[in-house]
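Hi,

Here is the structure I promised to pass on to you. Have a look at it first, and then read my notes below.

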Amino acid sequence: MSKKALICGISGQDGAYLAKLLINKNYEVYGTSRDAQMSSLKNLEYLGIRDKVQCFSMSLTDFRSVLQVLDQVQADEVYNLAGQSSVGLSFDQPVETLESITIGTLNLLESIRFIGKLTKLYNAGSSECFGDTHGLPADEQTPFRPRSPYAVAKSAAFWEVANYREAYNLFCCSGILFNHESPLRPQRFVTQKIIAAACRIANGSKEKLMLGNINIERDWGYAPDYVEAMYLMLQQDMPGDFVIATGKTISLSDFISEAFSAVGLHWQDHVVSDASLCRPTDISVSRANPSKAREKLGWVASRNIQETIKIMVAAMQQKISLN
Ligand code: NDP
């Protein structure tokens with residue numbers, strides 16, 4: 001009999017790629033969106049799997065709604081990928097961010113505990129929890145020093161999961177994922193904003209791309225690789241938390257340079273750094289040590305960020321040519 005998976009936040013980048021991965025592994029895949037009737041689910045259409053997924057409306061902050069869907073689906077594996085996911089937006093919507101992530105995760109844990117089935121839970125943690133490690137690579141032992149409402153919320157959710165694992169013996173774990181990108185990344189994220197602007201300018205737009213601090217450094221990977229790591233975490237004998245990253249860090253200005261040169265442009269002619277766009281607090285350098293994932297999950301990133309940028313540029317150019 002095939003396994004059942006419930007993906008909370010299936011309309012997002014990771015939700016769509018994870019759905020595709022699990023369908024290919026013969027899972028029955030169910031998904032949730034805050035309003036499944038209104039949600040466009042265009043990412044599922046883009047991947048050609050819209051008709052292979054059954055979607056429910058579920059609000060993570062509403063316990064009754066969470067319990068109802070979990071009880072109806074009776075999933076073997078639940079993936080919590082929903083919640084306010086933008087660091088920048090979290091400074092403007094701190095309450096929404098805190099509630100959707102911390103109450104949302106708690107409602108899932110409580111529902112699983114209440115139903116009493118041996119459901120496994122994957123929780124989307126974040127490298128933002130580490131804050132500034134001053135150039136040191138973060139691993140599973142590195143303390144959290146969050147520097148945004150988003151990171152505070154993700155840190156609290158991480159400890160909720162760890163506590164329920166210890167207190168109630170639930171099979172639940174957090175992936176501490178570093179940034180991962182793809183053609184499905186929404187345009188409010190800086191990486192896709194850069195790709196979109198580079199492609200528009202290459203197609204004749206005279207605009208300038210305004211960005212905040214372009215000296216930040218991040219470990220960026222390819223989203224389809226990262227959903228494989230989520231799946232692997234739930235296939236282990238014992239639940240545990242894992243850092244997932246490429247292990248390679250580059251600066252945002254190098255990212256911009258790669259994106260513009262992929263369309264034959266010099267980024268310095270088109271990009272303006274505007275201090276008013278900087279965040280109140282930010283992480284200057286983000287570095288990762290994903291060796292536990294390599295050793296225990298057998299997981300390594302298959303693509304580096306240079307290859308990912310080329311994939312994102314090609315997808316954006318195709319999108320522009322179809323419009
Ligand atoms: P997306 O933003 O693409 O998707 C998240 C989904 O959550 C949305 O599709 C939306 O679904 C739902 N959502 C958005 N805002 C809220 C809200 N305020 N309350 C409840 N639900 C909301 O995120 P990704 O797929 O990129 O990321 C998946 C998870 O992994 C997120 O939790 C993110 O924080 C985390 N993460 C992502 C990283 C990355 O680099 N991509 C890195 C580390 C962690 P709908 O509108 O259908 O309800």
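How far is an oxygen atom of the ligand from an N or O atom in the side chain of K154? The distance is 2.9 Å, which fits a polar contact (a pair of N or O atoms within 3.5 Å). The protein covers 89% of the 890 Å² of accessible area that the ligand has on its own, with areas taken from the Shrake-Rupley method and a 1.4 Å probe.

Before going on, please note that this is a predicted model, where local features need pLDDT of at least 70, side-chain atom pairs count only at pLDDT 80 or more, and totals for chains, interfaces and linings use all residues. Residues are numbered from 1 along each chain as its sequence is written, and side-chain values use heavy atoms, leaving out hydrogens and water.

Back to the ligand. There are 24 residues around it, and S11, S33, S85, E96 and Y150 come nearest; a residue counts here if one of its heavy atoms lies within 4 Å. The side chain of S11 has an N or O atom 2.6 Å from a ligand oxygen, and a polar side-chain atom of E96 is 2.6 Å from a ligand nitrogen.

One more spot is worth a look. D219 is buried but has no salt bridge, and R287, the nearest side chain of opposite charge, is 7.9 Å away. Buried means under 20% relative accessible area (1.4 Å probe, protein chains only), and a salt bridge puts a side-chain nitrogen of Lys or Arg within 4 Å of a carboxyl oxygen of Asp or Glu. A polar atom of the D219 side chain does lie 2.8 Å from the backbone nitrogen of G247.

Best wishes

Conventions:
Polar contact = N/O pair within 3.5 Å; in protein donor to acceptor, adjacent residues only side chain to side chain. Buried < 20%, exposed > 50% of the residue type's maximum accessible area, 1.4 Å probe, protein only. Lys, Arg positive; Asp, Glu negative; His and termini not counted.
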